[in-house]
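Have the model open in your viewer, with the sequence panel visible. The stops below go from the whole chain to single residues.

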Amino acid sequence: RVASANGFRDPSNAGGSFDGVAFGGADLRRADFRGASLVEAGLEFVVLDGADFGSADLSYATVLPNSARYANFTRAILLRVTGNGANFDGAILGVSRAQGANFTGASFVGAYLADADLRGASLAFANLTDANLTGAKVADTSFVGAIWSNTICPDGTNSNANPNCGL
């Protein structure tokens, strides 16, 4: 199935099922996917800036290499999402479930990941400058080569005083 951006900016279209839909190349800025199911959705080369995925299920979706700046993923399910090299600058991923996700080389500058479940995820070579990871679950998460600068660590310390957040 292939979809276009038409109609996704109307809040009355929130929710719904988009499982397996290929959105390739669509401009979904400020789209409203609150509570929607996007399991195994193809979001390659899609612009998601300011989109709202609050409480949506994006399990096994492919989100690369995209721009999802300032997008809202609060309480979203991001299990095993592929987001290598994606731009999540300023995005809100608080209380999201991203176990096993692959965010290798992604940018999270100024992103809010407080209380996110990142267990088993890869944030290798990710840019975490000014990100907030307070309370994030990071057991078995890979941070190899990640950029830590003024990052609020899972334990609430600052990466400038606690290099690599002690991880």
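For the charge count used here, Lys and Arg are positive and Asp and Glu are negative, while His and the chain ends are left out. Select those residues in this predicted model: the chain carries 11 positive and 15 negative charges, and the mean positions of the two sets lie 3 Å apart.

**The whole chain**

Colour by pLDDT. The average over the chain is 92, and 92% of the residues score at least 70. Residues 1–7 are a stretch where the pLDDT is below 50, although in the model this stretch makes 15 contacts beyond near neighbours in sequence. Where pLDDT is low, predicted coordinates should not be read in detail.

Switch to a C-alpha trace. Along its principal axes the trace spans about 45 × 25 × 20 Å. The radius of gyration is 15 Å, which agrees with the value near 15 Å for a compact globule of 167 residues. A cartoon view will offer little to follow by element: the chain has 0 helices and 0 strands.

Which share of the contacts with a separation of 6 or more comes from residues 24 or more positions apart? These account for 1%.

Now show the surface. Its accessible area comes to about 7,000 Å², and carbon and sulfur atoms hold 51% of that. Of the 167 residues, 49% are buried.

**Glycine 42**

Select glycine 42. Is this residue buried or exposed? Its relative accessibility is 11%, so glycine 42 counts as buried, the limit being under 20%. Beyond its neighbours within four places in sequence, glycine 42 contacts Val21, Ala22, Phe23, Gly24 and Thr62. Add tyrosine 60 to the view: 18 residues separate it from glycine 42 in sequence, and the C-alpha atoms are 9.3 Å apart.

**Leucine 79**

Move to leucine 79, which is partly exposed because its relative accessibility is 23%. With residues up to four places away set aside, leucine 79 touches Ser59, Tyr60, Arg97, Ala98 and Gln99. Draw a C-alpha distance from leucine 79 to aspartate 49: it reads 21 Å, for 30 residues of sequence.

**Two residues with positive phi**

Select arginine 75. It is not a glycine, yet its phi is positive, about 60°. Arginine 75 counts as exposed because its relative accessibility is 52%, with the limit set at over 50%.

Finish at aspartate 130, also not a glycine, with a positive phi of about 60°. Aspartate 130 has a relative accessible area of 40%, so it is partly exposed.

Technical notes: Residues are numbered from 1 along each chain as its sequence is written. This is a predicted model: local features need pLDDT of at least 70, side-chain atom pairs count only at pLDDT 80 or more; totals for chains, interfaces and linings use all residues. Side-chain values use heavy atoms; hydrogens and water are left out. Buried means under 20% relative accessible area, exposed over 50%, partly exposed in between (1.4 Å probe, protein chains only). Contact means heavy atoms within 4.5 Å. Helices (H or I, at least four residues) and strands (E, at least two) are DSSP runs, numbered from the N terminus. The radius of gyration is taken over C-alpha atoms; the globule rule is 2.2 Å times the number of residues to the power 0.38. Accessible areas come from the Shrake-Rupley method with a 1.4 Å probe; for residues, only the protein chains shown count as cover. The place of a charge is taken as NZ of Lys, CZ of Arg, CG of Asp or CD of Glu. pLDDT is the predictor's confidence in each residue, from 0 to 100.
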